[in-house]
Amino acid sequence: MIRVEVVELVRVRMELVTPFRTAYGVEHGRDVLLVRVDGPDGEGWGECAALTEPRYTAEWADGAAAVTERFLVPALAVACDAGGGGVAAVDVRAALDGIAGHPMAKAALEMAVLDAELRALGEPLGRRLGAVVDRVPAGVSVGATGSIAELCSVVDGYVTAGYRRVKLKIAPGHAVEPVRAVRERHPALALQVDANGSFARSNAAAVTAAAAELAALDDLDLLLIEQPLAADDLLGHAELARRLRTPICLDESIVSVASAAVALALGACSVVNLKPGRVGGLLEAVRIHDLCAAQGIPVWCGGMFETGIGRAANVALAALANFTLPGDLSASARYYRRDIVETPFVLDDGYLSVPPGPGLGVTVDRSALADLGASSRVLRLR
Ligand code: OSB
Ligand code: MG
């Protein structure tokens with residue numbers, strides 16, 4: 001239980017070190033939304049995973065800020081009033097349940113309350129979530145490039161830096177040649193691909209066309225193919241899984257424990273990408289982790305170009321036992337010239353360390369925020 005008197009919404013534009021091309025568009029940076037809760041028990045920080053534009057999923061940063069201010073913070077205030085001024089992190093989700101959708105906005109507020117609660121208790125997030133290791137292998141997600149030669153040189157750089165797994169973005173017509181070229185240069189590299197749902201909307205002809213192109217990947221020894229079809233096309237993914245040898249992994253399709261249970265029951269995937277923002281919070285992510293563990297389905301932690309704040313949460317989550325594949329968890333410097341936490345995440349022998357301190361275990365760098373031109377809005381709960 002933590003008493004919340006103030007919610008501060010901090011906005012900051014963060015430019016990516018290199019633009020990131022996917023099947024759905026190019027990301028040049030992120031309009032980051034941070035949520036800070038404060039009160040007599042201390043402060044806590046959360047980061048909203050929403051990107052600048054609603055292309056990956058429906059959420060977007062300005063929309064998340066608006067729904068947080070207008071609906072989520074008032075709902076949290078109601079819960080705090082009912083709880084004598086305070087709320088427990090485990091109760092945040094239910095407190096926000098009256099508002100439909102907006103999982104990334106909700107996840108950020110839950111993260112902030114969880115951070116505050118854990119800091120007050122002196123308990124690290126990893127311990128609360130059930131972490132079993134103190135460092136996690138780092139993977140890197142590589143955007144599409146203008147040429148295969150450029151892709152190979154980018155991948156070479158990450159392999160040299162020590163990344164333990166590489167993910168390549170693919171799209172229809174660009175799913176095989178670039179991946180084959182990387183595989184030929186790096187025969188033993190842990191390699192996987194992500195289509196961001198670009199292989200068509202739900203219809204049988206589209207699944208057949210996707211299978212025809214993606215079948216060529218079966219000889220390239222990939223760990224998995226991530227989200228080939230549209231988010232809602234679970235039957236299509238199940239059909240694809242029957243036609244391909246490479247495991248199918250779902251990202252955009254998995255939005256809750258319930259959707260994960262359906263995907264597993266249908267055989268739509270045999271691996272799950274878990275992003276706390278996409279599923280509405282770290283605590284829901286743990287429940288999906290547990291469901292997958294019980295069914296022998298490995299999970300790994302996806303990324304949303306998080307700053308050190310969201311990264312700290314992802315790394316703690318990825319330290320749970322059933323995160324048996326490396327995540328999209330890269331060093332701060334792979335994303336941003338300057339991170340907004342005092343101790344940026346660095347690669348150590350291809351691993352990132354789980355911060356051992358209380359809560360998220362990171363200290364927000366207010367001077368970095370100021371230098372980056374951050375703005376802030378302070379909302380009072382009463
Ligand atoms: O599909 O996994 C994805 C980034 C933003 C939105 C969606 C995705 C991604 C990535 C990069 O692949 C993950 C990262 O390194 O943070
Ligand atoms: Mg993905």
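A cavity is a set of grid points where a 1.4 Å probe fits but cannot get out. Keep that in mind as you work through these exercises on a predicted model.

**Exercise 1.** Find out how many cavities of 30 Å³ or more there are, and describe the largest cavity.

*Solution.*
- Start with the count: three cavities reach 30 Å³ or more.
- Next, take the volume of the largest cavity, which holds about 190 Å³ of space.
- Then look at its walls: 19 residues line the largest cavity, and Phe20, Ser141, Lys169, Gly303 and Phe305 lie nearest its centre.
- Finally, ask what sits there: the largest cavity is where you find ligand 1.

**Exercise 2.** Work out which residues surround ligand 1 and which classes they belong to.

*Solution.*
- There are 17 residues around ligand 1, and those that come nearest are Ser141, Lys167, Asn196, Phe305 and Tyr335.
- Sort the shell by class: seven residues are nonpolar, three are polar and seven are charged.
- Now place the shell in the chain. Ligand 1 lies between domain 1 (2–123 + 364–380) and domain 2 (127–353), because both give residues to its shell.

**Exercise 3.** Identify polar contacts to oxygen atoms of ligand 1, using a cut-off of 3.5 Å between N or O atoms, and state how much of the ligand 1 area the protein covers.

*Solution.*
- Begin with a side chain: a polar atom of Asn196 is 2.8 Å from a ligand 1 oxygen.
- Move on to the backbone: an N or O atom of Phe305 lies 2.9 Å from an oxygen of ligand 1, and one of Met304 lies 3.3 Å from an oxygen of ligand 1.
- Last, the cover: on its own, ligand 1 has 390 Å² of accessible area, and the protein covers 100% of it.

Conventions:
Residues are numbered from 1 along each chain as its sequence is written. Chains are lettered from A and ligands numbered from 1 in the order in which they are written. This is a predicted model: local features need pLDDT of at least 70, side-chain atom pairs count only at pLDDT 80 or more; totals for chains, interfaces and linings use all residues. Side-chain values use heavy atoms; hydrogens and water are left out. A residue is near a molecule or strand if one of its heavy atoms lies within 4 Å of it. A polar contact is a pair of N or O atoms within 3.5 Å; within protein, one must be able to donate a hydrogen and the other to accept it, and residues adjacent in sequence count only if both atoms are side-chain atoms. Accessible areas come from the Shrake-Rupley method with a 1.4 Å probe; for residues, only the protein chains shown count as cover. On a 1 Å grid over the protein atoms alone, a cavity is a set of points where a 1.4 Å probe fits but cannot get out, and a pocket is an open set with protein on both sides within 12 Å along at least five of seven lines; lining residues have an atom within 4 Å of a point. A molecule sits in a cavity or pocket if more than half of its atoms lie within 2 Å of its grid points. Ala, Val, Leu, Ile, Met, Phe, Trp, Tyr, Cys and Pro count as nonpolar, Asp, Glu, Lys and Arg as charged, and the others, Gly among them, as polar. Domain bounds come from an automatic or database domain assignment. Grid points are joined across faces, edges and corners, and a volume is the space filled by probe spheres set on the points.
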